[in-house]
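Please look at the chain shown here and follow the text through it. The paragraphs go from a covalent link to sheets, backbone angles and nonpolar cores.

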Amino acid sequence: MNRTTLSLIGAATALAAVTGVASLATPGAAKDTAARTASRLPVERSTLLCPAPTSSELGRTTYSAFAPQDGAGGRASKGSAELLPAAHVAENGQADKGKTDDKAGKNGKDGKNGDAEPVVPLREPGKPVTASADGAEAPALSGTADGRLAPGWTVQQTSEITAGVGRGLAGTACTPPDTEFWFPGASTAKDRQDYAHLTNPDDTAAVVDLELYGKDGAIKAPTGEGITIPAHSSVSVLLSTMTSEPTTNVTVHALARAGRVGASVQSVDAKLGGDWLPAAADPSADLVLPGIPADATSVRLVAFATGEDDADLKVRLTGPNGSISPAGHETLHVKSRMTAAVDLGDVTKGEAGSLVLTPTASGGKTAPVVAALRVTRGKGSKQETAFIPATGRIETRAAAVDNRAKGSTLSLVAPGKSAKVKVTASAGSQGGTPVSKTYTVKGGTTLAVDPPRPAGLKGGYALTVQPLSGGPVHAARTLALPQDGIPMFTVQTLPDDRGTVAVPKAGQDLKMMND
């Protein structure tokens, strides 16, 4: 996380220019003190990056973009939001460590994206915009939103792959650039082809190290060091080519030593389909993994202790009626800098749920952990997989886009106290009237619901989730589009959309943290 100290006089200007501002805190003061003395203002600019969606000629990708109606705030009366191909010029040989995305260059002129047509350009809040692309030619995308469209700008890409390796539904939310990412749940095994996608949105090259960790610690992967991503380009790296050690459960650590990137892992299984593995929430002693489908036939938990200390975790499944400890898997020991995995089987037993990880000791020293679930639905030759990374609580608002007339399930989790939550279905992309509904989620439970739909829905729509009162809330959206007996599905967790920033009162120096 890059930090720059500036005076309050320059804060407003900086907020307008900085992308993805996470928070502001007074130097030397506790975070809670800063929060009490701060007001929240809408961000004025956001950046999102989308990986190249599929390498399958049989794939069809749907893009959906949305900004909430109440996200304008402040004095912004205008705004724009659009994505363009992340065009690249292959000038640096180091990019050959991965596969540079040449698809983008085909959409621009001389490797530039200035002449390319924008994808899902958004011109007004409250109503999503959709677009589609066929085959393997869709490139990685990079774009910005400003003005009234910046707060809460959300983009989803969903690929339906009807046959072949990786067949299934692969969905991921486009993400802001950052400098560090954790991906527990990846693999370099022979039956998996997992790619790390790295996209650089900036005018200068980025340099990224990819580190792999298995059950015995670091896996030798010298080709993962110093991967250069040229300006405005995307590089994909097949993880199995980085090491001679096939490993089923791997944690990938992506760390930018120069610049910033968007990072995602695309998993393709020879028999079980494929999906995107998004980055897990920042390392923490307490984690929530929301949205395990009721009919999951297999659930695998993969965790990694990022610090110098081992982690001892209590494993709890929160369902509609409360929390239980899975029989035989009540606790999990994760050694420092090692990956631990446990197969929980059909742990949900027909009731949708979420996994909650907490330290076994109620007090004393705790160890930070990252974690993700690999979830399987179906049986035999008709199985499909998806991933659920640990995700943070919704502070103010979160959104899930690309909801259809059928197929969406919204999971709301209150790991502590009960909470009241407002869920709003936006207008449809081709017509429909917004609808809102309020839910109460009892403490220690998961509430899985068919979300509200816009009245007179035509096209796709977005869901926004806003906590109103009570304890912390975590959420995920499952999109299921079964085909030929295969339960094709994808799960997107709903982190806070970071549509606002906390701004301390006048007269204080600010330390601005740019994500």
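A disulfide joins C50 to C174, with an S to S distance of 2.0 Å. The model is predicted, and the count of disulfides in it comes to one. A disulfide is a covalent bond between the sulfur atoms of two cysteines. The two cysteines here are 124 residues apart, and the pair links distant parts of the chain. C50 belongs to strand β4, residues 45-50, whereas C174 sits in the loop between β12 (168-173) and β13 (180-186).

Which hand does this disulfide have, given the torsion about the S-S bond of C50 and C174? That torsion is about 110 degrees, so the disulfide is right-handed. Both ends of the link can be checked against the 20% relative accessible area under which a residue counts as buried. C50 has 0% relative accessibility and therefore counts as buried. C174 has a relative accessible area of 7%, so C174 is buried too.

The wider setting comes next. The protein has two helices and 42 strands. Of its 515 residues, 55% count as buried. Among contacts with a separation of 6 or more, 82% are between residues 24 or more positions apart. The protein exposes about 20800 Å², and carbon and sulfur atoms supply 49% of that area.

Strand β12, which precedes the loop of C174, also takes part in a sheet. This open sheet has four strands in the order β9-β5-β11-β12, and the pairing is antiparallel. Why is one side of β9 and of β12 left without a neighbour in the sheet? β9 (129-134) and β12 stand at the edges and each has a single partner strand, so one side of each has no neighbour there. From one strand to the next, the twist averages 15 degrees. Inside the order, β5 (residues 59-66) and β11 (residues 154-161) run antiparallel and are joined by eight bridges. One position in this pairing is Y63, whose bridge partner in β11 is Q157. In a regular strand the side chains alternate between the two faces of the sheet.

Another open sheet, again of four strands, has the order β36-β32-β39-β40 with antiparallel pairing. Its edge strands are β36 (445-449) and β40 (489-493), each of which pairs on one side only. Neighbouring strands of this sheet are turned against each other by 20 degrees on average, with direction ignored. Strand β39, residues 474-480, pairs with β40 in the antiparallel sense over five bridges. Within β40, Q492 is the residue that stands opposite R477.

A further strand to follow is β31. Is β31 largely enclosed or exposed, going by how many of its six residues are buried? Six of the six are buried, so β31 is largely enclosed by the rest of the structure. β31 pairs with strand β38 (residues 461-470) in the antiparallel sense over four bridges. In that pairing, A399 has T464 of β38 as its bridge partner.

β31, residues 398-403, also contains D402. D402 is not a glycine, yet its phi is positive, at about 60 degrees. With 3% relative accessibility, D402 counts as buried. A positive phi in a residue other than glycine is found at V120 as well, with a value near 40 degrees. V120 lies in strand β8, residues 119-122. Its relative accessible area is 2%, so V120 is buried.

The last topic is how nonpolar residues group. In soluble globular proteins, nonpolar side chains tend to be buried together. In this model, the largest nonpolar core has 32 residues. Those with the most contacts inside it are L289, L301, L332, V334, L355, L357 and L373. Which strand gives the most to this core? Strand β23, residues 296-305, does, with five residues.

L357 serves as an example of the surroundings of one core residue. Leaving out residues up to four places away in sequence, L357 touches A285, D286, L287, L289, L301, L313, K314, V315 and A371. Of these, L289 and L301 are also named among the core residues with the most contacts. A second core is separate from this one and has 27 residues, including V208, L210, V252 and L277.

Key: Residues are numbered from 1 along each chain as its sequence is written. This is a predicted model: local features need pLDDT of at least 70, side-chain atom pairs count only at pLDDT 80 or more; totals for chains, interfaces and linings use all residues. Side-chain values use heavy atoms; hydrogens and water are left out. A disulfide is a pair of cysteine sulfur atoms within 2.5 Å. Buried means under 20% relative accessible area, exposed over 50%, partly exposed in between (1.4 Å probe, protein chains only). Two strands pair if DSSP finds at least two bridges between them. Axes are lines fitted to C-alpha atoms, for helices over the stretch in contact, and angles run from 0 to 180 degrees between N-to-C directions. A nonpolar core is a set of buried Ala, Val, Leu, Ile, Met, Phe, Trp, Tyr and Cys residues joined through side-chain atoms within 4.5 Å. Contact means heavy atoms within 4.5 Å. Accessible areas come from the Shrake-Rupley method with a 1.4 Å probe; for residues, only the protein chains shown count as cover.
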